[in-house]
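These are my notebook entries on a single chain, written as I looked up one feature after another. I began with charged pairs and then moved on to strands, rings and single residues.

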Amino acid sequence: MQAVRYSRQREAIKNYLLSTTLHPTAEMVYNNIKEELPNISLGTVYRNLNFLACHNEAIRLNCGDGYVHFDGCTYPHNHFFCRQCKSLSDIEMDSIQHIDKIANAGFDGIIEGHNVIFYGICHNCLKNSI
């Protein structure tokens, strides 16, 4: 197996993902990283985000808003997407890891994991609509 070369850009992107809970898009990452690395291109950001996701160092999330979001927190957890303000956040709840076993019981293959995104209206949007 070929060794992965160190990349200053990849390290900066990974550190940014670990420092935020916003679940940024590639464009958001680019806008934040270019302050630190002014010569970085959007293409480099996309390539490195996909590299991190393929190597389990980030999670790629598609919640139906037309954007791919990224999360530096790779431990199993669930997300909430607000249909009104389009925010994506972690949701604190008891583990539902047991659904992998339930799904595998009726599946002729191997379930390796799951990704859950709950949809609805967030607290702030509900509060502002009253």
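**Entry 1. Salt bridge.** I searched for salt bridges, and the count comes to 1. I note at the outset that the model is predicted. The pair is Glu57 with Lys14, and the closest N and O atoms are 2.7 Å apart. I then looked up where the two partners sit: Glu57 is in the loop between α3 and β1, and Lys14 is in helix α1 (residues 8-19), so the pair ties together parts that are 43 residues apart in sequence. I recorded accessibility for both. Glu57 is partly exposed at a relative accessible area of 27%, and Lys14 is partly exposed at 26%. As background, side chains of opposite charge can pair when their charged atoms come close.

**Entry 2. The loop before β1.** I stayed in this loop and checked backbone angles. Asn56 lies in the loop between α3 (42-54) and β1 (59-62). Its phi is positive, about 55°, although Asn56 is not a glycine. Is Asn56 buried or exposed? I find a relative accessible area of 63%, and because this is over the 50% cut-off, Asn56 counts as exposed.

**Entry 3. The β1-β2 hairpin.** I next followed the chain into β1. The strands β1 and β2 pair in the antiparallel sense over 4 bridges. They form a hairpin with 5 residues between them, and Gly64 in the turn has a positive phi of about 85°. Across this pairing, Leu61 stands opposite His69 in β2.

**Entry 4. His69.** I looked at His69 in detail, which is placed in strand β2 (residues 68-71). His69 is buried, with a relative accessible area of 5%. Which backbone oxygen does the side chain of His69 reach? I find that of His23, at 2.8 Å. I also listed contacts, leaving aside neighbours within four places in sequence: His69 is in contact with His23, Pro24, Thr25, Ile59, Arg60, Leu61, Cys63 and Leu88. His23 thus appears both in the contact list and as the partner of the His69 side chain.

**Entry 5. The open sheet.** I then turned to the other strands. In what order do the 3 strands of the open sheet run? The order is β4-β3-β5, with mixed pairing. β4 and β5 (117-120) stand at the edges with a single partner strand each, so one side of each is left without a neighbour in the sheet. The twist averages 30° from one strand to the next. I resolved the mixed pairing into its parts: β3 and β4 run antiparallel and are joined by 4 bridges, whereas β3 and β5 pair in the parallel sense over 4 bridges.

**Entry 6. Burial of β3.** I checked the accessibility of β3 residue by residue. In β3, 5 of the 5 residues are buried, so the strand is largely enclosed by the rest of the structure. Both faces are covered, with Asn78, Phe80 and Cys82 buried on one side and His79 and Phe81 buried on the other. For reference, side chains in a regular strand alternate between the two faces of the sheet.

**Entry 7. Phe81 and its partners.** I traced the bridges of Phe81 in both directions. Its bridge partner in β4 is Leu88, and its bridge partner in β5 is Tyr119. I noted also that Phe80 has Ser89 as its bridge partner in β4. A search of the whole structure for aromatic pairs finds 1. The rings of Phe81 and Tyr119 have centres 6.0 Å apart and planes at 70°, so the pair is edge-to-face. Phe81 lies in strand β3 and Tyr119 in strand β5, so the pair ties together parts that are 38 residues apart in sequence. Phe81 is buried at a relative accessible area of 3%, whereas Tyr119 is partly exposed at 37%.

**Entry 8. The β3-β4 turn.** I closed the sheet with its hairpin. β3 and β4 have 5 residues between them, and Lys86 is in the turn. Lys86 has a positive phi of about 65° although it is not a glycine. Its relative accessible area is 46%, and Lys86 is partly exposed.

**Entry 9. Ser7.** My last lookup was in the segment before α1, where Ser7 is found. Ser7 counts as buried at 14% relative accessibility. A polar contact of 3.3 Å joins the side chains of Ser7 and Gln9.

Technical notes:
Residues numbered from 1 in each chain as written. Predicted model: local features only at pLDDT ≥ 70, side-chain atom pairs only at ≥ 80, totals over all residues. Heavy atoms only, no water. Helix = DSSP H or I, 4+ residues; strand = E, 2+ residues; numbered from the N terminus. Buried < 20%, exposed > 50% of the residue type's maximum accessible area, 1.4 Å probe, protein only. Polar contact = N/O pair within 3.5 Å; in protein donor to acceptor, adjacent residues only side chain to side chain. Contact = heavy atoms within 4.5 Å. Salt bridge = Lys/Arg side-chain N within 4 Å of Asp/Glu carboxyl O. Pairing = 2+ DSSP bridges. Axes fitted to C-alpha atoms, helices over the stretch in contact; angles between N-to-C directions. Phe/Tyr/Trp six-rings, centres within 6.5 Å; stacked < 30°, edge-to-face > 60°.
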